[in-house]
Amino acid sequence: MTQVNKEEKYDRQLRLWANSGQSSLESAKILIIQPTSTTSELLKNLILPGIGHFTIIDYDSKINDVDLSNNFYLGDDDLGKSKIDVLASNLQELNHDVSYSIQKIDPSQGSIEDFINAQNDLYWSQFDLVISNYQLESLITKLNDLKIPIMIINSIGFYGFLRIFKSTFEIYETHPQSLIDLRILSTWDELQNYSDSIDLHSLDIEQHSQIPYLIIQLKAVENWRLNHDNQLPTTSQEKKQFKELIRSWKKDHYQLNFDEAIDNSHKIFNNVKIPSNVKDIFSHIDEYYNDFNKRSVFWILVKALKEFVDLNDGFLPLSGELPDMDSTTENYIKLQNIYLKKAQEDLAKLKDILIKLRLKLGKESLPISDEILKNFAKNSKFLYFSQNSNKLIPLNFNKIFDESHNSLILLSFFIIERFQKDTKKFPTLQNIDELIKISHDFVTSDDDSLHLILHELVRSEGQELNNIASLMGGIGSQEAIKIITKQYIPLDNTLIYDGINSVTERWKLD
Amino acid sequence: MSRRVLGAGGLGCEILKNLACSGFKDIHVIDMDTIDLSNLNRQFLFRHSDIGRSKAEVAAEFVMKRVKSVKITPYFGKLQDKDEEYYKQFTLVISGLDSIEARRWINAKLVHLVDPDNFETVKPLIDGGTEGFRGQAKVIFPTFSACYECSLDTLSGQTTYPLCTIANNPRLPEHCIEFASQIEWPKAHPGEKIDTDVPEHVTFLYEASLKRAEEFNITGITRSLVLGVVKNIIPAIASTNAIIAASCCNEAFKIVSSSNPTLDNFMMYSGTDSVFTYSFAYERKPDCQVCGGL
């Protein structure tokens, strides 16, 4: 497919994650262990947007009626054929840009678990994400060591479960709603000079209506400070008076720029230099930057950012983004250029710091492109970082477990998995008492409410409902895309879906 | 029993698959669109060789080939072509439409079908919509719960720019693109409508926007932005369609099987920052133009 065609085919998603996200997706390799209806749907949603390569591991089996009833990617004509062959080829056929490989396991020769345990680090390192429907301890331990994310996802009856094991999330392209940062309370020379060159009161009504609201706000802050001992409005009464001040400067009732200045005045005062998410990241620099094994591109950039902040009165680099403001083209572009220039200067300073850092690091330092640096600087207020201990049985189970309906559903998934691990079968209604007993290994709970949920889960005989599988496959694929592209903020780290009440709930298991 | 799907686009493909796999036997699908290259990143019932064909027809063929037990009747045309008698035959309606106007039309149609003395005439309407990583699903029992019209003010709608800005004080690349399409195009091509599927038309708009932008020292015009503004393109991915379509079908399944409570009545999903869902009951509007007073 030609480049132009590709851009057209993927147009609707390129508008979300741009070419950088798309190329991450196209170079990604994922592994699906023992595909279910849920993970088949998930895979479909990754093949369509053009994931690079997928590998499926499954037992060699023939398609039966049960397979056909809940998996759309096995057709009625395929009865009796090899399940893994048909599934992989029917899925790949959705997008010829995608390649695949399959690993058939002959049950008489050993189990999938045996195969997994026999693979070396080199085998696992080829994958960017591993997706499985159960929490296999040896696999999770191995992949955690190799820092390969693993997603556990499944659905039983009306309920769905999703857990992501990833030791750290380090994201700078978080896609906040807006990157606008006006800094009206802390101007720099060029902005101040431009503002000073405008004398609002001497302008005629036409010119007066063409001054961007940012300048009006700037002048209002100056005026307020002058008359209030250099203080800013703090109480709601004062903030109201501040608005009145701007209103009193109007020369005509219909001046959109003044209305914009009033409507956006609340944003002036809740401006923090360094938001808490960035402060928290700075507090981890020693742990991550100083440790060669943990020092990723993200942490080199963070280290440079921290030095930048220390050298710049505690300010992050300016994003340079402006909102549209009612004004003439000339006034607006002039202001835009002032912001753009400042952003470029900040970026250049950050680049200098980075170059020095990398010199210090010497050979071990990874190359960082200008594009990445620019994006990082622009988004520096909205960095996301989180770490996980990845314990199979979370230590904070007791803390998050509050006997709410949703936490009982979460508990039930752990109970059923434990039962399956111990007995190698899915529980039936006869096993409910045993399941309740297992629950006491995790937490103490209200057995009656738990009973109801377990009953609902067991009643399904482990079967997936197509709608719930499809929905969970949709959620899982969104999360997979976020993990692979390193854009937007992924689930951190566990979620259940309750299709009876149509709700989700999430927790950070740790 | 008969269900139907409106719109065989991104949501429609998913809805048809889900209904067929959940055991629905008789499904009707209406869509007036034909298949375009830019659909293939999510509308998984269509292939490259199907470009230009009717979405409803290709979707129906594909699903019936995979699932032999289902009968899907496609209609390649507008919702408005069908009369009340046609809509009366269905148990419920699921809409995966992409236009507000079409949603309002089917909503009003189903509200007007209701005969207060006959519960059978209440056809539940399940409506889904997506944008990027976000989406929403609504369950409407005409005259019993808030109808689509009652919830209209929750929509943000299309961004529009004041004409005086476009004509006199452009500041953003979007203003230049609007100038090219609203003012330059009619001047150069009197009487001819813009067809964004014709590359020459897009090239004209791109070049005119670029010229206008350069004149005013505005940066940021790209072909992709020109198309986005002129066609009002909404980002769309397979994942979100899967989530919203499955929510709609799960509600449909619960309604017909009376197995569990149904969504009351509005659900929002957002995957931009972790996973966030929010459900709430939208109240009927007593003065709603469509269902008020009924």
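**Close-up views of the chain A–chain B contact and of A:E260**

**View 1. A salt bridge between B:K17 and A:E41.** In this predicted model, the closest N and O atoms of B:K17 and A:E41 are 2.8 Å apart. A salt bridge here is a side-chain nitrogen of Lys or Arg within 4 Å of a carboxyl oxygen of Asp or Glu. Between chain A and chain B the count is 5 salt bridges. The two chains also have 35 residue pairs in polar contact, both residues at pLDDT 80 or more. A polar contact is a pair of N or O atoms within 3.5 Å; within protein, one must be able to donate a hydrogen and the other to accept it, and residues adjacent in sequence count only if both atoms are side-chain atoms.

**View 2. The side of chain A that touches chain B.** Elements giving two or more residues to this side include α1 (3-9), α2 (11-26), α3 (37-47) and α24 (466-485) of chain A. Helices (H or I, at least four residues) and strands (E, at least two) are DSSP runs, numbered from the N terminus. The largest share, 12 residues, comes from α24(A). By class, this side of chain A has 26 nonpolar, 19 polar and 16 charged residues. Ala, Val, Leu, Ile, Met, Phe, Trp, Tyr, Cys and Pro count as nonpolar, Asp, Glu, Lys and Arg as charged, and the others, Gly among them, as polar.

**View 3. Extent of the interface between chain A and chain B.** In contact (heavy atoms within 4.5 Å) are 61 residues of chain A and 69 residues of chain B. The chains bury about 5,400 Å² between them, 54% of it on carbon and sulfur atoms. A:R12, A:F72 and A:Q478 lose the most area on the chain A side, together 16% of what that side buries. Buried area is the accessible area (1.4 Å probe) that two parts lose on being put together, summed over both.

**View 4. The surroundings of A:E260 in helix α13 (residues 256-263) of chain A.** A:E260 is buried (under 20% relative accessible area, 1.4 Å probe, protein chains only) yet has no salt bridge. The nearest side chain of opposite charge (Lys and Arg positive, Asp and Glu negative; His and the chain ends not counted) is B:R171, 6.1 Å away. A polar atom of the A:E260 side chain lies 2.9 Å from the backbone nitrogen of A:D326. Not counting residues up to four places away in sequence, A:E260 touches A:Y213, A:Q217, A:M325 and A:D326.

**Notes.** Residues are numbered from 1 along each chain as its sequence is written, and chains are lettered from A in the order in which they are written. Local features need pLDDT of at least 70, side-chain atom pairs count only at pLDDT 80 or more, and totals for chains, interfaces and linings use all residues, while side-chain values use heavy atoms, with hydrogens and water left out.

Key. Buried means under 20% relative accessible area, exposed over 50%, partly exposed in between (1.4 Å probe, protein chains only).
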